[in-house]
Amino acid sequence: MAAPMDCLVSPEGEGSAESRTSGVEVALPSDPAAPAPLCPHGPTLLFVKVSQGKEEARKFYACSACRDRKDCNFFQWEDEKLSEARLAAREIHNQRCQPPLSRAQCIERYLSFIQLPLTQRKFCQSCQQLLLPADWREHGEHQLLADISVTQLGRPSQLLYPLENKKTHAQYLFADRSCRFLAGLVATLGFRRVLCVGAPRLHEQIRLTAPGEKSDMRSLLLDIDFRYSQFYLEESFCRYNMFNHHFFDGKAALEVCKAFLQEEEGKGVIMVTDPPFGGLVEPLAVTFKKLIAVWGEGQSQSQDDSHKELPIFWIFPYFFESRICQYFPSFCMLDYQVDYDNHALYKHGKTGRKQSPVRIFTNIPPNKIILPSEEGYRFCPLCQRYVSRENQHCVHCNSCTSKDGRKWSHCFLCKKCVKPSWIHCDTCNRCTLPDHSCSGPKDGCFVCGVLDHKRSNCPNIGTSRRANKAVRKQKQRKRSKIRREALKDKP
Ligand code: SAH
Ligand code: ZN
Ligand code: ZN
Ligand code: ZN
Ligand code: ZN
């Protein structure tokens with residue numbers, strides 16, 4: 001999952017919420033035909049700063065994948081003209097940032113590696129690299145793992161350390177429970193091919209077959225993490241940027257993905273994606289629509305199929321529901337709570353820890369998706385879907401309304417169900433935390449006042465402007481006051 005796991009505060013809003021540089025949104029190019037300049041991560045995206053409620057006139061290009069300037073510092077104004085010299089320098093820089101080994105070299109090394117006897121199969125933990133005998137000397141002083149077994153090679157996500165850098169990779173690996181559930185689910189639903197986009201651990205789970213079992217499930221991993229290219233052949237891994245649909249190894253890699261999606265006229269394939277949610281929903285939606293289109297090209301032309309969509313599981317926090325459904329109206333959110341290994345806060349609810357806010361969004365009819373009863377999920381015949389143990393059907397809303405897994409209660413003034421800890425505030429004219437300050441949102445989202453996300457992740461961002469303006473004005477007043485005071489002190 002997604003980047004700032006800690007910008008996901010608990011459902012009640014306690015905990016530290018990470019504040020990101022807010023006020024930057026994806027923009028449309030003034031000239032739709034103008035190609036975006038390239039950074040080492042492929043075509044950049046056009047952004048616009050929103051300040052004081054208004055979009056600034058001058059848009060700029062920045063890296064699609066790295067939300068931290070430290071990881072990729074590409075910056076160019078939309079209307080900026082670069083000299084030939086600077087363009088050439090940029091080209092060299094982009095080249096220099098590419099991984100040291102080509103895809104073909106990685107594959108060659110992998111094939112040599114698996115030929116080695118067990119005692120010679122070493123992995124350098126310092127460099128996160130499989131070593132061939134010729135490399136040993138160079139890594140002499142490094143932390144090495146020896147006797148790398150076939151099983152270990154099949155589970156690179158356990159060999160590699162997760163890149164937790166929130167603003168770029170945000171590698172949060174599925175807990176075993178969730179990983180097995182997902183792999184089992186796609187098999188039960190009858191899929192034979194899984195396109196794993198940013199889901200390396202699910203990819204390996206699908207490829208693993210229990211001893212003695214024969215599986216005809218195949219998986220293709222698309223991920224930006226170069227380290228995975230050491231472990232897979234061409235047809236099971238492509239280095240890919242999901243924020244701009246960029247294949248780092250060019251057309252050949254795109255063809256691999258295309259063939260995978262279009263096989264059997266597109267039947268039997270599902271896409272499962274678990275993107276960093278520190279990124280923006282919009283570019284992800286654009287990318288997924290492109291992948292859907294690639295799949296669609298392979299469809300047989302009979303009218304019968306023309307309305308069909310590529311089946312998708314998009315794994316994301318529940319408070320993005322309205323945002324995701326805005327781009328994919330056919331999607332619905334399942335109650336299943338997805339757990340992660342390397343995030344202490346979001347393990348399964350029953351362990352007494354906080355419940356995971358991460359859910360599955362899908363265009364598969366939810367009544368087909370059986371959630372595990374041993375974890376308390378049950379079928380609601382009225383909603384025609386599986387819901388979590390405490391999610392109760394509200395007769396007024398005519399639906400099982402809980403989003404966070406706890407029992408919600410209906411407020412007749414708000415005409416909807418709300419979190420159990422909320423009460424209706426007559427001043428604010430809505431339900432909110434009992435100890436809120438009526439003057440407006442403080443710690444939560446500036447846009448909608450909800451405490452479980454920040455403005456930068458707000459699903460209602462479109463309506464953000466006014467609230468934002470107020471906050472900025474306040475800050476500005478403060479700043480000018482400080483400035484005035486500082487001036488007063490001057491002789
Ligand atoms: N829960 C998943 C991992 C999700 S973490 C699992 O266990 O399989 C997010 C994944 O997306 C990481 O593997 C990360 O390398 C990848 N990723 C991050 N930014 C990306 C980008 N711009 N394009 C493609 N993959 C990206
Ligand atoms: Zn970049
Ligand atoms: Zn090393
Ligand atoms: Zn209700
Ligand atoms: Zn209310």
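1. Cys63 counts as buried, at 4% relative accessibility. The model is a predicted one. Cys63 gives its SG atom to the zinc ion (ligand 2). The other donors of that ion are Cys39 (SG), His41 (ND1) and Cys72 (SG), and the distances run at 2.1 to 2.4 Å.

2. The site of the zinc ion (ligand 2) is tetrahedral, with angles of 103 to 115 degrees among the four donor atoms. The donor spacing in sequence reads C-x1-H-x21-C-x8-C. His41 and Cys63 link distant parts of the chain, 22 residues apart. His41 sits in the loop between β2 (38-39) and β3 (42-43). Cys63 sits in the loop between β6 (60-62) and β7 (75-77). His41 is buried too, with a relative accessible area of 13%; the cut-off for buried is under 20%.

3. The zinc ion (ligand 4) takes its protein donors from Cys394 (SG), Cys397 (SG), His410 (ND1) and Cys417 (SG). They lie 2.0 to 2.3 Å from the ion. The spacing here is C-x2-C-x12-H-x6-C. Angles among the four donor atoms are 103 to 119 degrees, and the site is tetrahedral. For four tetrahedral donors the ideal angle is 109.5 degrees.

4. What do Cys394 and His410 tie together? Cys394 lies in strand β21 (residues 393-394) and His410 in strand β23 (residues 409-411), so the pair joins parts 16 residues apart in sequence. Cys394 is buried at 8% relative accessible area. His410 is partly exposed at 21%.

5. Now the sheet. Eight strands form an open sheet with mixed pairing, in the order β14-β13-β12-β11-β15-β16-β18-β17. β14 (246-247) and β17 (332-333) are the edge strands; each has a single partner, so one side of each lacks a neighbour in the sheet.

6. Within this sheet, β15 (residues 269-273) and β16 (residues 312-317) pair in the parallel sense over three bridges. Thr273 stands opposite Trp314 in β16. Helix α6 (residues 200-207) lies across β11 (193-197), β12 (218-223) and β15. The helix runs at about 165 degrees to β12.

7. Is Gln128 buried or exposed? Gln128 is buried, with a relative accessible area of 6%. This residue is found in the loop between β8 (122-124) and β9 (129-131). The Gln128 side chain reaches the backbone oxygen of Gln125 at 3.0 Å. Beyond its neighbours within four places in sequence, Gln128 is in contact with Phe123, Leu160, Tyr161, Arg227 and Gln230.

Notes. Residues numbered from 1 in each chain as written. Chains lettered and ligands numbered in written order. Predicted model: local features only at pLDDT ≥ 70, side-chain atom pairs only at ≥ 80, totals over all residues. Heavy atoms only, no water. Pairing = 2+ DSSP bridges. Helix = DSSP H or I, 4+ residues; strand = E, 2+ residues; numbered from the N terminus. Contact = heavy atoms within 4.5 Å. Axes fitted to C-alpha atoms, helices over the stretch in contact; angles between N-to-C directions. Donors = N, O, S within 2.8 Å, 3.2 Å for Na, K, Ca; no water. Tetrahedral: all angles 85-135°; square planar, octahedral: opposite > 155°, others 65-115°. Buried < 20%, exposed > 50% of the residue type's maximum accessible area, 1.4 Å probe, protein only. Polar contact = N/O pair within 3.5 Å; in protein donor to acceptor, adjacent residues only side chain to side chain.
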